[in-house]
Amino acid sequence: MAVEEFAKQLRAMGYDVTEYPDGRVSFPYTIEIGKFEGQEITLGFVVPPDFSLNPPTGPHIKPRLLPINPPQGPHPMHGIHESTQFGAEWQYWSRPMPHWSTTERTVADVMRHVRGLFATQ
């Protein structure tokens, strides 16, 4: 299954992953760069059944770091939603990966994308 492969790759990178039966994963993450550098959060992803053909949506973040602002617009202040998949304490950052087809299509590529999101806060 895709979620098992996603979790396996995260574990190989040293993350302590929780898998959920509905295709989600979450794990503790320390932000490495940007205005939230050093803050410990929980990252979550909804892994698509066709990963690695397609990347996960996301990320889902706990605790909430930015104000909810659903309208589309430039990162970092737009496309911040309530997380319906993870719950009330979480927020969902709508941050597609349009460059996915030019990557190796691995979890490491997803995490590089996430790191880039935090670098541009």
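## Notebook: surface, core and odd bonds

I began with the surface: the accessible area of the protein is about 6,400 Å². Carbon and sulfur atoms own 53% of that area. I am working from a predicted model, and I keep that in mind throughout.

**Overall build.** I listed the secondary structure next. I found two helices and six strands. Read from the N terminus, the order is α-β-β-β-β-β-β-α. I then checked the extent of the fold. The C-alpha atoms fill a box of roughly 35 × 30 × 25 Å along the principal axes. The radius of gyration is 13 Å, and a compact globule of 121 residues would have one near 14 Å, so the two agree.

I looked up burial as well. Of the 121 residues, 42% are buried. For contacts, I took pairs of residues at least 6 apart in sequence. Of these contacts, 47% join residues at least 24 apart.

I also checked the charges. There are 10 positive and 13 negative ones. Their mean positions lie 4 Å apart.

**The core.** Which residues have the most contacts inside the largest nonpolar core? I got Phe6, Val25, Tyr29, Leu65 and Phe118, in a core of 29 residues. Helix H1 (2-12), strand E2 (24-30), strand E3 (40-46) and helix H2 (107-119) each give two or more residues to this core. H2 gives the most, with six residues. I noted the general background too: nonpolar side chains tend to be buried together in soluble globular proteins.

I followed Leu65 outward, skipping residues up to four places away in sequence. Leu65 touches Ile31, Phe36, Gln39, Ile41, Gln91, Trp93 and Phe118. Phe118 is on the list of residues with the most contacts inside the core, as is Leu65.

**Val114.** I picked a residue of H2 for a closer look. Val114 lies in that helix. Is Val114 buried or exposed? Its relative accessible area is 1%, so Val114 is buried. Leaving out neighbours within four places in sequence, I found Val114 in contact with Tyr29, Leu43, Phe45 and Pro59. Tyr29 also belongs to the core residues with the most contacts. I measured nothing here by experiment; I only read off a distance from the model. From Val114 to Arg95 it is 9.0 Å, C-alpha to C-alpha, across 19 residues of sequence.

**Cis bonds.** Where are the cis peptide bonds I noted? One joins Phe51 and Ser52, with omega about 20°. Ser52 sits in the loop between E3 and strand E4 (57-62). Another runs from Gly58 to Pro59, with omega near 5°. Pro59 is in strand E4. I had already met Pro59 as a contact of Val114.

**Arg105.** I checked backbone angles next. Arg105 has phi near 65°, a positive value in a residue other than glycine. Arg105 is in the loop between strand E6 (91-93) and H2. Its relative accessibility is 25%, so I logged Arg105 as partly exposed.

**Exposed positions.** I looked up two prolines in loops. Pro74 lies between E4 and strand E5 (80-82). Pro74 counts as exposed because its relative accessibility is 58%, and the cut-off is over 50%. I took its C-alpha distance to Arg95: 9.9 Å, with their places 21 residues apart in sequence.

Pro98 is in the loop between E6 and H2. At 74% relative accessibility, Pro98 is exposed too. The C-alpha atoms of Pro98 and Pro55 are separated by 9.6 Å, and the two residues are 43 apart along the chain.

I ended with Ala12. Ala12 is in helix H1. Its relative accessibility is 70%, so Ala12 counts as exposed. How many Å separate Ala12 and Glu82, C-alpha to C-alpha? I read 30 Å, for two residues 70 apart in sequence.

Notes:
Residues numbered from 1 in each chain as written. Predicted model: local features only at pLDDT ≥ 70, side-chain atom pairs only at ≥ 80, totals over all residues. Heavy atoms only, no water. Helix = DSSP H or I, 4+ residues; strand = E, 2+ residues; numbered from the N terminus. Rg over C-alpha atoms; globule rule 2.2 N^0.38 Å. Buried < 20%, exposed > 50% of the residue type's maximum accessible area, 1.4 Å probe, protein only. Contact = heavy atoms within 4.5 Å. Areas by Shrake-Rupley, 256 points an atom, 1.4 Å probe, with all protein chains shown as cover. Lys, Arg positive; Asp, Glu negative; His and termini not counted. Charge placed at Lys NZ, Arg CZ, Asp CG, Glu CD. Core = buried A, V, L, I, M, F, W, Y, C linked by side-chain atoms within 4.5 Å.
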